Amino acid sequence: MAKSKFSENLIKMKCGGCSRVGYFTRKNKKSTEKKLVLSKHCGWCRKHTSHKEAKR
Ligand SMILES: [Zn+2]
């Protein structure tokens, strides 16, 4: 019953401060055209930064 659809929409979230990939998230196909920007806590910057989606 394992589905591989999960990885299809899996995207990396890249920190805007240090450009490290700290988060992974999934995204709906409907919103694929828009670039995701999320405010996340970066362990490297030790603060909240805007994380943008990075290409695989
Ligand atoms: Zn960072």
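Visitor: Hi! How many bridges join S1 to strand S4, and which way do the two run?
Guide: Hello! Four bridges join S1 to S4, a strand covering residues 47-54, and the two run antiparallel. Keep in mind that this is a predicted model.

Visitor: Okay. Which residue stands opposite cysteine 15 in S4?
Guide: That would be histidine 51, which faces cysteine 15 from S4.

Visitor: And what about S2, how many bridges join S1 to that strand?
Guide: Five bridges link S1 with S2, which spans residues 21-26. S1 and S2 run antiparallel. As an example of who faces whom, leucine 10 stands opposite arginine 26 in S2.

Visitor: What sits between S1 and S2 in the hairpin?
Guide: There are five residues between the strands of that hairpin. Serine 19 there takes a positive phi near 60°.

Visitor: Let's pick a residue. Where is lysine 14?
Guide: Lysine 14 lies in strand S1, which covers residues 10-15.

Visitor: Is lysine 14 buried or exposed, and why?
Guide: Lysine 14 counts as buried, because 20 C-beta neighbours lie inside 10 Å. The cut-off for being buried is 20 or more.

Visitor: Which residues is lysine 14 in contact with, leaving aside neighbours within four places in sequence?
Guide: Lysine 14 is then in contact with Ser19, Val21, His51, Lys52 and Ala54. You have already met serine 19, in the hairpin of S1 and S2.

Visitor: What separates the C-alpha atoms of lysine 14 and histidine 51?
Guide: Those C-alpha atoms are 5.0 Å apart, although lysine 14 and histidine 51 are 37 residues apart along the chain.

Visitor: Now the whole protein, please. How many helices and strands are there?
Guide: The protein has one helix and four strands. Along the sequence they follow the pattern α-β-β-β-β, with the helix ahead of the strands.

Visitor: Back to burial, then. What share of the residues count as buried?
Guide: Of the protein's 56 residues, 9% count as buried. Lysine 14 is one residue that counts as buried.

Visitor: Last one! Among contacts between residues at least 6 apart in sequence, what share join residues at least 24 apart?
Guide: For those contacts, the share is 47%.

Methods: Residues numbered from 1 in each chain as written. Predicted model: local features only at pLDDT ≥ 70, side-chain atom pairs only at ≥ 80, totals over all residues. Buried ≥ 20, exposed ≤ 12 C-beta atoms within 10 Å, placed from the backbone. Contact = placed C-beta atoms within 7 Å. Pairing = 2+ DSSP bridges.
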